[in-house]
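Hi,

Here is the structure I promised to pass on to you. Have a look at it first, and then read my notes underneath.

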Amino acid sequence: MPPSGPPRSALAKMCQSCHVRPVSTYRTAATGGTRWGSGKGQPVLTTHAPQAAQAVTLPTTLDEAVAALAAMPTAVPVAGGTDLMAAVNSGQLRPAALVGLGRISEIRGWQYQDGHALLGAGLTHARMGRPDFAALIPALAAAARAAGPPHIRNAGTLGGNIASASPTGDALPVLAALEATLIIAGQEGTRREIPVSHLLAGVDMLRGGELIGYVRVPLLHAPQVFLKATGRTGPGRAVASVALVLDPARRGVRCAVGAIAPMPLRPLDAEQWVAQLIDWDNDRAIVPEALNAFGEYVAAACIPDPAPEPDGSVPQLPPAVLHLRRTVAALARRALGRALS
Ligand SMILES: Cc1cc2nc3c(=O)[nH]c(=O)nc-3n(C[C@H](O)[C@H](O)[C@H](O)COP(=O)(O)OP(=O)(O)OC[C@H]3O[C@@H](n4cnc5c(N)ncnc54)[C@H](O)[C@@H]3O)c2cc1C
């Protein structure tokens, strides 16, 4: 189901006028895959043969997987298959061949690297939700715990979440707030790095035969929060989500709002405004009124008022959009409150 909210064209204008950084543009999956839940209007992908998959390759290293994709240009990588197989089952995608990533052990864990964590793209949501991972990157663990029902979390991976680039991908606002970097594997063992925001924005896409190998995330050693509003109780896709991380070394607050637009949005002005109100030397205290004001600031930056009419009157936002704005304000207020408590 597409997220409710203002139309994309309107959001693009809002982002320009309100100093909100759009982290992605609407598009199909970075790898030529599909997006789940797009529903009516979703483009049917055309790069695949009309018959069911003829070949499945199961490489055991990242380089073997890249080589397999190079050898079969019509092949599609599949990790957990939670997005991809849904597209196959609904008839939207008919891959001529599949390259399964599930046996590549090098991308199923993580390692430490210069104050960062190098996360394998094959990490499942279930693995990221465990306490040892939560101690490392709390917001990503919280997003992983919120990503669908248990059978989806057991199979679905970080790399698949990024490559699908769904507006409601729960890992995406967290990675945007953390300013994570992707390490992309290419042919003949090549590796290149791109900020996750560049991939989500379509500024720098995956090239044919490339795979997301790892995600490099800074270890900030400070509170992080991910909050998600859904349209129903129990596991569900986000109507709106907020990721908020504190960066004490830089005395910064970084926030990204997910699901309300085709891409996570960074309310940069609101981040800077609230960061200078925090007493970083004294228990990170902040006056209570600032929490409310921050929520309103974030919400208004991401869902601004419509432009005034030529006669000077300002049109009202539709009730559903006003409700979404209040939801974002509440999530942002609570996220900051929890991070500072
Ligand atoms: C019922 C249901 C509920 C869901 N709920 C949520 C939810 O609440 N929150 C949420 O965020 N998601 C949700 N999802 C979506 C899905 O589970 C996630 O997006 C998951 O992380 C996808 O990972 P995967 O390994 O299954 O990807 P796959 O389905 O294997 O692949 C998805 C796409 O990514 C490509 N790909 C996979 N790995 C790589 C790689 N390493 N490099 C390059 N391309 C790659 C594939 O070619 C394909 O195009 C839900 C899905 C279902 C079916």
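Below is what I found, starting with a sheet and moving on to the helices. Please keep in mind that this is a predicted model.

The sheet is an open one of 5 strands, and its pairing is antiparallel. Going across it, you meet the strands in the order β5-β6-β9-β7-β8. The edges are formed by β5 (110-113) and β8 (191-195), each of which pairs on one side only. Ignoring direction, neighbouring strands in this sheet are turned by 25 degrees against each other on average.

At the β5 edge, the partner is strand β6 (residues 116-120), and the two pair in the antiparallel sense over 4 bridges. If you want a spot to zoom in on, find W110, which stands opposite L119 in β6.

Next, a helix that meets the sheet. Helix α2 (residues 62-71) lies across β7 (181-185) and β9 (211-218), and runs at about 140 degrees to β9.

There is also a helix pair to look at. Helix α6 (residues 138-145) and helix α9 (residues 171-178) have axes that come within 9 Å and cross at roughly 170 degrees. Angles over 145 degrees count as roughly antiparallel, so that is how α6 and α9 run relative to each other. On the α6 side, the contact is made by A139, L140 and A143; α9 contributes A171, V174 and A177. What kind of residues make up the contact of α6 with α9? They divide into 6 nonpolar, no polar and no charged.

Happy browsing, and best wishes!

Technical notes. Residues are numbered from 1 along each chain as its sequence is written. This is a predicted model: local features need pLDDT of at least 70, side-chain atom pairs count only at pLDDT 80 or more; totals for chains, interfaces and linings use all residues. Two strands pair if DSSP finds at least two bridges between them. Axes are lines fitted to C-alpha atoms, for helices over the stretch in contact, and angles run from 0 to 180 degrees between N-to-C directions. Two residues are in contact if their C-beta atoms, placed from the backbone, lie within 7 Å. Angles under 35 degrees count as roughly parallel, over 145 as roughly antiparallel, 65 to 115 as roughly perpendicular and the rest as oblique. Ala, Val, Leu, Ile, Met, Phe, Trp, Tyr, Cys and Pro count as nonpolar, Asp, Glu, Lys and Arg as charged, and the others, Gly among them, as polar.
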